[in-house]
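Some questions on sheets and a helix follow, with short answers. Please look at the sequence and the structure first.

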Amino acid sequence: MDDLDFKLLFESAPGLFLVLRPDADFTILGASNAYLRATLTERENIVGRSLFEVFPDNPDDPNATGASNLRASLERVLAAKASDAMAVQKYDIRRPPSEGGGFEERFWSPVNSPVLAADGRILYIVHRVEDVTEFVRVSRRSQLERERSEALQQRGAATELEILRRSRDLDEANKKLRQANEKLRAEFAERERAEIRFRELLESAPDAIVIANRKGRIVLVNSQAEKWFGYARDELVGQPIEILLPERFRQRHVGHRAGYLAAPHTRPMGGGLELFGQRKDGSEFPVEINLSPIETVDDVWITSIIRDVTERRRMEQERHASETQFRAVADSANDAIISADKLGRVIYFNKAAERIFGYSAAEMLQQPLTCLMPSRFHSGHEQGIKRFLAGGESQLLGKTVELTGKRKGGEEFPLDLSLSTWKVGEEVFFTGILRDITARRQAEERIQQLNQDLQQRAVQLEAVNRELEAFSYSVSHDLRAPLRAIDGFSQMLLEDYAGNLDAEGRNSLQRVRAAARKMGALIDDMLKLSRVTRAELTLEEVNLSEMARDIAQDLRRQEPERDGDFVIAAELRVQGDARLLRIALQNLLDNAWKFTRGKTGVRIVFDAVLDEDKHTYFVRDNGAGFDMTYADKLFGAFQRLHDVREFPGAGIGLATVQRVIHRHGGRIWAESTVNEGATFYFTLS
């Protein structure tokens, strides 16, 4: 309930309401949309002005008393701090200049009600009216018909007197009597026909009609009243009118009926209240009732025209619920939602539209859509609406198109538009969903620039690869030759001149040979790393589980004397380069096998976990582990975290693994605790 927009609810209410300040001028503070339509006014032209400045008496009607009567009623409200219901008032309204100006005859049924603060002060006065112009006009026609009927009766009476006065002249009297009788029979026949027409009209009326006498007893009902209330006509005639009301309203209605008879006039019943009828079976239904007095020869009858508004109430509730739901959805949308009438004037402007275009909804309502586009597009937009109204077709309907919008400050920006149309009766309306695509355009431009940069980098990378290939060739051929010479001549010295060397000399030559062999191994590792980086990927489905089992079997065959369990999950399949993935998995399992040497209860696990629809693979061991402080050095070439004498190696394996994983669009990381093992995780795109 805290989210309700009470101003919007008030302005959208179906009744005709004004909110007045209780000052000397009775300043207008607010008006419902229905009131604005009924009085041919606009909110911005009346709010903040005096009620009587906006609605003066018709200067062409010297008998006009609407303004003075209304002011007297408002003064009574101020004095009594209570509602004041006025009789039906003739209070003409001013037509706008666009409709010819001047004043238009109108009749109203007003009720003025105070809104009190907790301390009894009057905060506001709510002025509510019902437009009864048409009803008054119908009543006038009924009065003319009654006057004609009375004239007929008077002429009949005059005829009878004339016959009596001329009775002495028998022949002439008989002649005139025959004439009078003929005329009288014609009048009676006409009266009978008029009564038949009245009853036919009564029976064909879509509303229930109940006529009661001064005592509140029903004297006449139509068939619609029988249908709606469930009574037969004979069951209603002679009964008090209150039989048709719910029990809780009957006692009060007797008093209201007496008050109406004191000054009977045509008006709606229960202004501002919800009225209910009660059927014979006790069920209730909502109604609207209009009252009108009928003067008979010796009494006053009251005609009640009753309308069942059940379906209308249901439709209003559904419409209100639908509108509330639509506004809730539309106001929470990230895209602008704008509706316009067939003239291109804005009738709805959601919060996202306010944010995107910089206008408030109040600023845009009834403004042309051209406010939201650069001036160079105005003519095309107007022609497009005319073509649609003429032929019912548009190139924009059912499509998403890119257009240019204009913000309040004049800034132009790109947007996507999806357009649809809808009808209320014969009126055509348009609704557009607009999305600011400035960020998307900028992203597309950035992507285009990145693609250009990538093309340039690809050219540069190709050149670097060619240089790397040349370097690899040089390392492979130019460095190996001197290393072989060093190793060979050292071997010759040891074999041919061993007797001339002491133990220290021989040891030095052995160390020279070992260094040469180590240098050769490093060159081999560098070449392997280079080949991994430069190798072209061949993507296929790879069963990592089978690959890991083959590697584990090879490790066991190399050291059959070692105990240890390999736990390998089944059916871990990926898309990748089988040769490179084998190199990566070989290095990870080799490391796990190497760093668990000397441990009891060795357990090496290869498995995967699913996280947010993506698999993360891991190799876990319970070996030596490492200090996480130095984890950033793990994947550097020739970086080692353990003594080479305890765990031999060149420090190139994990660097190779990282390059393989990166080539597959993934990443690799590790977690470990010293002497408790390590876990290496990796992903693949």
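The turns below take up two sheets and one helix.

This is a predicted model, in which local features need pLDDT of at least 70, side-chain atom pairs count only at pLDDT 80 or more, and totals for chains, interfaces and linings use all residues. Residues are numbered from 1 along each chain as its sequence is written, and side-chain values use heavy atoms, with hydrogens and water left out.

Q: Which strands are at the edges of the open sheet with the order 16-15-19-18-17?
A: Strands are DSSP runs (E, at least two residues; helices are H or I, at least four), numbered from the N terminus. Two strands pair if DSSP finds at least two bridges between them. The 5 strands of this sheet pair in the antiparallel sense. Those that pair on one side only are strand 16 (346-349) and strand 17 (400-406).

Q: Which residue is the bridge partner of Asp341 in strand 19?
A: Strand 15 (residues 336-341) runs antiparallel to strand 19 (residues 427-436), and 6 bridges join them. In strand 19, Asp341 has as its bridge partner Phe429.

Q: Why are the buried residues of helix 17 on the same side?
A: Buried means under 20% relative accessible area, with exposed over 50% and partly exposed in between (1.4 Å probe, protein chains only). In helix 17 the buried residues are Leu544, Ser545, Met547, Ala548, Ile551, Ala552 and Leu555. They lie on the same side of helix 17 because the arc that they cover, taken from the directions from the helix axis to the C-beta atoms, is only 160°.

Q: Which residue has a side-chain oxygen reaching the backbone nitrogen of Ser545 at the start of helix 17?
A: Helix 17 spans residues 544-558. The oxygen comes to within 3.0 Å of that nitrogen, and it belongs to Asn543.

Q: Why is one side of strand 21 and of strand 25 left without a neighbour in the sheet?
A: The open sheet here has 5 strands in the order 21-23-24-26-25, with mixed pairing. Strand 21 and strand 25 (668-673) stand at its edges, so each has a single partner strand.

Q: Which residue in strand 23 is the bridge partner of Asp565?
A: Strand 21 and strand 23 pair in the parallel sense, over 4 bridges. The bridge partner of Asp565 in strand 23 is Arg603.

Q: At about what angle does helix 18 run to strand 24?
A: Helix 18 lies across strand 21, strand 23, strand 24, strand 25 and strand 26 (677-682). Axes are lines fitted to C-alpha atoms, for helices over the stretch in contact (heavy atoms within 4.5 Å), and angles run from 0 to 180 degrees between N-to-C directions. The angle to strand 24 is about 35°.

Definitions and conventions. The expected span of a helix is 1.5 Å times one less than its number of residues. A polar contact is a pair of N or O atoms within 3.5 Å; within protein, one must be able to donate a hydrogen and the other to accept it, and residues adjacent in sequence count only if both atoms are side-chain atoms.
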